[in-house]
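Visitor: I'm new to this one. Could you take me through its disulfides up close?

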Amino acid sequence: MIKYIKNSNPRKTYPCPFDKRCRCLNRKDLLEVTCRYVLDKIPIFPSNVCSLDLRYNTITTVQNRSLENMSHLITLDLSDNILDKLEPEAFLGLKNLQQLMLKSNNLHYNSTSFPSKIFEPLSSLVYLDIGSNNLYNTDNHFKFPDDVISELTSLESISLDIISSGRKSVPFGRRFSELTSLRKIKTAFCSLATLSFNTFADLPYLDSIDLKGCLVKSYGLCVMCGKKLKLLSLASVELSYTDFLSFIADFGALSVDDLVMTDILPTTIELPGMFFDSLYNTGIQKLLLNKNRFIKAIPDTFYTFGKFPTTLKILDFSENHLKEIRYKMTNLSRLDLQNNNLGKFLATNTYMGSNTTTLKEINLSFNYIHMLNFSIFHGHTMLEKINLSNNALLDITFDASSLKALMSLDLSSNKISMFKKNIIALLTTLIKTNNLTIDLSLNVLQCTCNSEYFIKWIADNSRNFLYSKTYKCKFDNGSVIVLEQIDKIALLLQRECTSHTALIICISVAISTACIFLVFGLVYRYRWRIRYMYYMTKSRFTQNMPLNTGIDHTYNAFISYADTDTDFVINEWIPQIENNSNQKLCIHQRDFVPGEEINHNITRSIHESKKTICIITKDFLDSHFCMFEFNMARMESIYSRNGQSVLFLVFYEQILPKELPLIVLEHVQQQSYIEYPHDEQGNVVFWEKIRQVIG
């Protein structure tokens with residue numbers, strides 16, 4: 001199939017010598033052309049091509065004048081071919097070319113591949129990539145021919161290979177110093193016996209050095225002394241611990257904006273305590289310490305938190321083995337701590353040693369975090385983004401009240417089932433003021449009546465929950481569903497919980513009422529037992545008079561009577577029993593202990609008397625205290641005398657059975673009693689029987 005490249009002139013077309021994998025884009029009156037995997041040599045292109053991408057072909061040579069007509073060409077990419085030769089006039093006519101990529105070919109750093117004056121036509125070239133061309137070169141030392149490179153007077157950035165096996169040899173020729181515009185250098189394939197002060201001696205104008213992946217056998221003293229750099233990258237440059245310390249020592253004489261120290265240490269160590277102290281005066285703004293094996297990052301002066309660079313804005317500590325970190329990072333804007341082991345430390349500590357911070361973004365994902373210290377984000381009034389994903393959080397345990405600027409909270413891939421209501425109130429305020437977005441994906445939420453308010457909250461604010469249609473929810477029966485229609489699930493849950501709530505309330509009220517009636521019934525049924533136990537217990541602990549717990553009793557009988565029968569007791573009972581029979585009676589008017597509670601006196605007296613004699617009259621039955629004495633005597637029989645009856649009734653008046661209280665009638669039917677005869681002959685028999693009862 002033949003395709004055509006069209007420009008802005010509709011009258012003129014150009015046959016495209018490529019198949020369908022070629023792509024041509026209009027750019028005003030210029031063309032951007034991409035053609036890959038089809039060419040073995042460079043064809044003729046239209047003169048109005050400004051960008052030409054010929055990567056991944058099988059071109060071996062750039063022939064003389066093959067691009068001569070392309071005066072508008074700005075970018076030429078010949079990477080990933082099999083180039084082994086550039087003819088002397090290969091780039092003739094490319095006076096406006098600014099970017100030339102020749103990486104990953106078979107070019108050698110010699111006059112065969114790069115003949116003299118090959119770059120002379122490229123007066124506008126600012127970027128040159130000739131890296132990864134010596135991967136199969138067996139030379140132990142080589143450098144790019146400096147007489148060729150010196151022709152690129154406008155060159156600002158270069159990427160190339162460096163091999164230097166001698167400790168005193170340098171990888172750049174002296175004519176590199178003529179490149180007064182050269183500011184950036186990046187190494188592709190790189191192997192240096194020694195990285196020393198002389199390594200970049202012939203590149204005095206550099207402000208960006210990228211040695212990523214360079215094999216450095218040793219690091220000399222003061223390599224970077226006096227340099228003022230925007231970027232210094234030693235990513236994947238493995239250093240011994242001694243060389244690492246030498247590098248740190250260079251900080252005192254270095255000015256650098258961005259410092260990349262990714263994957264530079266093969267051993268597990270603690271970050272030296274003076275590390276950030278050494279960087280204090282460098283003016284550093286961005287520092288990458290990721291993919292190392294630091295286990296601890298604490299300053300030597302822990303309680304004052306050492307000197308932390310006030311200019312540092314971005315700090316990347318990700319993918320280390322950190323178990324502890326704490327600095328006074330007052331002016332930091334972004335902190336990346338993902339892929340560490342800070343869970344145990346952050347449960348009771350904070351990473352921030354200052355009361356206030358300008359931090360805007362914090363990444364704590366993949367840190368085995370089960371809970372966070374309540375005050376971990378105190379002072380973070382400018383924090384906008386928190387990433388706590390891929391941990392083991394069950395809930396938000398930190399204080400979110402100071403997070404006034406929070407706009408993004410990532411809690412995905414945790415163990416969160418619901419939030420407490422106070423947390424929801426704080427987050428709702430942030431949703432309204434900051435349009436806060438929350439990610440709860442890959443958690444299993446709870447769909448029960450206890451969490452009904454939580455699901456409804458998510459449904460009401462679904463626009464602020466990222467990937468909410470993928471959220472999973474678990475019901476009481478163990479089933480799990482995806483909340484694709486969270487509004488309907490929330491409504492259904494609300495209805496079910498409302499009916500359940502009403503049912504639970506009714507059942508609870510019924511059970512409570514039944515319990516109350518049961519308790520009152522038991523209390524009423526055993527009221528006399530309870531009162532007896534109470535007064536007996538109280539008697540045991542009273543200090544006025546110790547309770548007689550021996551076998552002998554203080555009194556032969558306790559006489560219980562109504563006040564209207566006082567004369568009968570004093571004139572008859574005391575003379576007949578105490579005076580004539582030498583037996584001792586307990587008479588409440590005479591023997592109760594003054595100042596003690598009357599119920600206490602009654603219970604004590606009954607307990608310390610061998611018998612209790614109740615003189616039954618209508619006034620007795622109407623008296624509260626008389627009936628109290630009657631019931632206490634009954635309880636005494638049951639609980640203190642092993643069932644032996646101590647209660648004896650004397651009917652002083654004629655009373656019909658129907659006039660007796662049920663409890664008295666029951667006793668009369670079960671136990672013997674005696675009636676007072678009220679005649680002289682009967683009285684003799686009466687008193688004799690009384691003496692037998694209480695003797």
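Guide: Let's go through the disulfides one pair at a time. A bit of background: this is a predicted model, where local features need pLDDT of at least 70 and side-chain atom pairs count only at pLDDT 80 or more, while totals for chains, interfaces and linings use all residues. Residues are numbered from 1 along each chain as its sequence is written, and side-chain values use heavy atoms, with hydrogens and water left out.

Searching the whole structure turns up 3 disulfides, a disulfide being a pair of cysteine sulfur atoms within 2.5 Å.

Take Cys 190 and Cys 214, whose sulfur atoms sit 1.9 Å apart. The torsion about their S-S bond is about -50°, so this disulfide is left-handed. Cys 190 belongs to strand E12 (residues 184-192) and Cys 214 to the loop between strands E13 (208-210) and E14 (215-216), so the bond ties together parts 24 residues apart in sequence. Strands here are DSSP runs of E, at least two residues, and helices are runs of H or I, at least four, numbered from the N terminus. Cys 190 is buried at 3% relative accessibility, and Cys 214 is buried at 2%. Buried means under 20% relative accessible area, exposed over 50%, and partly exposed in between, using a 1.4 Å probe and protein chains only.

Next, Cys 222 is joined to Cys 225, S to S 1.5 Å. That link is left-handed, with -120° about the S-S bond. Cys 222 is partly exposed at 33%, whereas Cys 225 is buried at 17%.

Then there's Cys 447 with Cys 473, S to S 1.8 Å. Their torsion is about 110°, so the disulfide is right-handed. Cys 447 and Cys 473 are both buried.
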